[in-house]
Amino acid sequence: MLSSQTSNHDPLAIALSRKARTGAPGAAAATPVAAGDGWRIVDIVCTTGPADRPFEERYGSPSISLVLSGTFVCRTDRGSSLLSAGAMLLGNAGHLYECSHQHGEGDRCLSFQFDPDLFERIAHDAGASHAAFDCDRLPPLRALAPLAARAAIATAKHDSLEEIALELAGAVISLAGHAPRDAPAAPAADPARIARVLRQLESRAGQPHSLTGLARTAGLSRYHFLRTFRCVTGVTPHQWLLRARLRDAARRLVTSRIPVTEIALDVGFDDLSNFIRSFRAEFGVSPSRYRAGA
């Protein structure tokens, strides 16, 4: 579940509340955000859950989908991946994929879609050997954090979206070309265990979380939990939570005038200097400069 503060404004929380109230089956709603010469951005809110059947689709164009909230499993001919907030789902035109929500209800993604000609030009300019993804997802990575935060904020403000779409495509193509190839599949029970933890972290990101408590939620020893979390998500629990907090802080810095110290405390940091140091490491500038440059 999402926090009550978030649920007042978050499209996914609103859609899930409407679904619960009406008893309607889960569905995906795609809202166009912006479009230009060879690119488009779509806000996709999906309310399907464990009781809904998985659905198979085909990518109509090269696609990069930034997960904004929720979790879901995507299955392709390469295998299956559990995706959560901050991750990127990558798709090649014509390829089949199946999304399911057997481990929890709902997700929201920002989908950046490109005409093949434009995508090929971006890949060439980015120095890629070919204009296709060799992996299905990228985890929440520090290298993509500034663009991911800008994308989420700019979508709400409808500002500089073409610039962000092109920059994101180039960055993702470059990183995907060096991403580890398919890892051994996680045991069937692992995605369910980690999905429980991810949804707990997302709904209470500003609260303290101990490794012992997270491992208990997953039903694993601490050592096995660490290995399993990284295998399933691509990052450690600390990295996942830190980046979730910093994304939230970046959003608040741009969309409010709340003092930096108050934001740091609200998103889960108990020390201002640690927040400033972590923010600068993630986004390349201090919180105050980030706000001033927005």
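# Exercises on a predicted model

In helix α7, which spans residues 211-218, the buried residues include Gly213, Leu214, Ala215 and Ala218. The model is predicted, and the exercises below work through its helices, sheets and charged pairs.

**Exercise 1. State what covers the buried residues of α7, and what follows the helix.**

Solution.
- Step 1. The cover over the buried residues of α7 includes α6 (189-203), α8 (222-233) and α9 (237-255).
- Step 2. After α7 comes Gly219, with a positive phi near 75°.

**Exercise 2. Give the strand order of the six-stranded sheet, identify its edges, and place helix α5 against it.**

Solution.
- Step 1. The six strands form an open sheet in the order β1-β2-β9-β4-β7-β10, and the pairing is antiparallel.
- Step 2. β1 (28-36) and β10 (137-138) each pair on one side only, which makes them the edge strands.
- Step 3. Helix α5 (residues 161-176) packs on this sheet and touches β1, β2 (39-46), β4 (63-70), β7, β9 (107-114) and β10. The direction of α5 makes about 90° with that of β9.
- Step 4. At the β10 edge, strand β7 (residues 88-91) is joined to β10 by two bridges, and the two run antiparallel. Met88 has Leu138 as its bridge partner in β10.

**Exercise 3. Arg137 lies in strand β10. Determine whether its charge is paired, and list what its side chain reaches.**

Solution.
- Step 1. Arg137 is buried and has no salt bridge.
- Step 2. The nearest side chain of opposite charge belongs to Asp136, 8.4 Å away. The cut-off for a salt bridge is 4 Å between a side-chain nitrogen and a carboxyl oxygen.
- Step 3. The side chain does reach backbone oxygens: that of Val232 at 2.9 Å and that of Leu82 at 3.4 Å.
- Step 4. Leaving aside residues up to four places away in sequence, Arg137 touches Ser81, Leu82, Leu83, Met88, Leu90, Cys231, Val232, Thr233 and Gly234.

**Exercise 4. Describe the four-stranded sheet and the pairing of β5 with β8.**

Solution.
- Step 1. This open sheet has the order β3-β8-β5-β6, with antiparallel pairing.
- Step 2. Its edge strands, each pairing on one side only, are β3 (55-58) and β6 (79-83).
- Step 3. On average, and ignoring direction, neighbouring strands of the sheet are turned by 25° against each other.
- Step 4. Three bridges pair β5 (residues 72-76) with β8 (residues 96-100) in the antiparallel sense. Val73 stands opposite Ser100 in β8.
- Step 5. Side chains also meet here, with Glu98 and Arg75 in a salt bridge at 4.0 Å, N to O. Glu98 belongs to β8 and Arg75 to β5, so the pair ties together parts 23 residues apart in sequence.
- Step 6. Both partners are partly exposed: Glu98 at 25% relative accessibility and Arg75 at 44%.

**Exercise 5. The structure holds 14 salt bridges. Compare the surroundings of the Lys19 and Glu163 pairs.**

Solution.
- Step 1. Lys19 forms a salt bridge with Glu105, with the closest N and O atoms 2.8 Å apart. Lys19 is in helix α2 (residues 11-22) and Glu105 in the loop between β8 and β9, so parts 86 residues apart in sequence are tied together.
- Step 2. Lys19 counts as buried at 12% relative accessibility, whereas Glu105 is partly exposed at 35%.
- Step 3. Glu163 meets Arg150 in a salt bridge at 2.9 Å, N to O. The pair links helix α5, which holds Glu163, to helix α4 (residues 145-157), which holds Arg150, 13 residues apart.
- Step 4. Glu163, at 43%, counts as partly exposed, and Arg150 is partly exposed at 27%.
- Step 5. Elsewhere, salt bridges with shared partners join Asp248, Arg251, Arg252 and Asp266 into one network.

Methods. Residues are numbered from 1 along each chain as its sequence is written. This is a predicted model: local features need pLDDT of at least 70, side-chain atom pairs count only at pLDDT 80 or more; totals for chains, interfaces and linings use all residues. Side-chain values use heavy atoms; hydrogens and water are left out. Two strands pair if DSSP finds at least two bridges between them. Contact means heavy atoms within 4.5 Å. Axes are lines fitted to C-alpha atoms, for helices over the stretch in contact, and angles run from 0 to 180 degrees between N-to-C directions. Buried means under 20% relative accessible area, exposed over 50%, partly exposed in between (1.4 Å probe, protein chains only). Lys and Arg count as positive and Asp and Glu as negative; His and the chain ends are not counted. A polar contact is a pair of N or O atoms within 3.5 Å; within protein, one must be able to donate a hydrogen and the other to accept it, and residues adjacent in sequence count only if both atoms are side-chain atoms.
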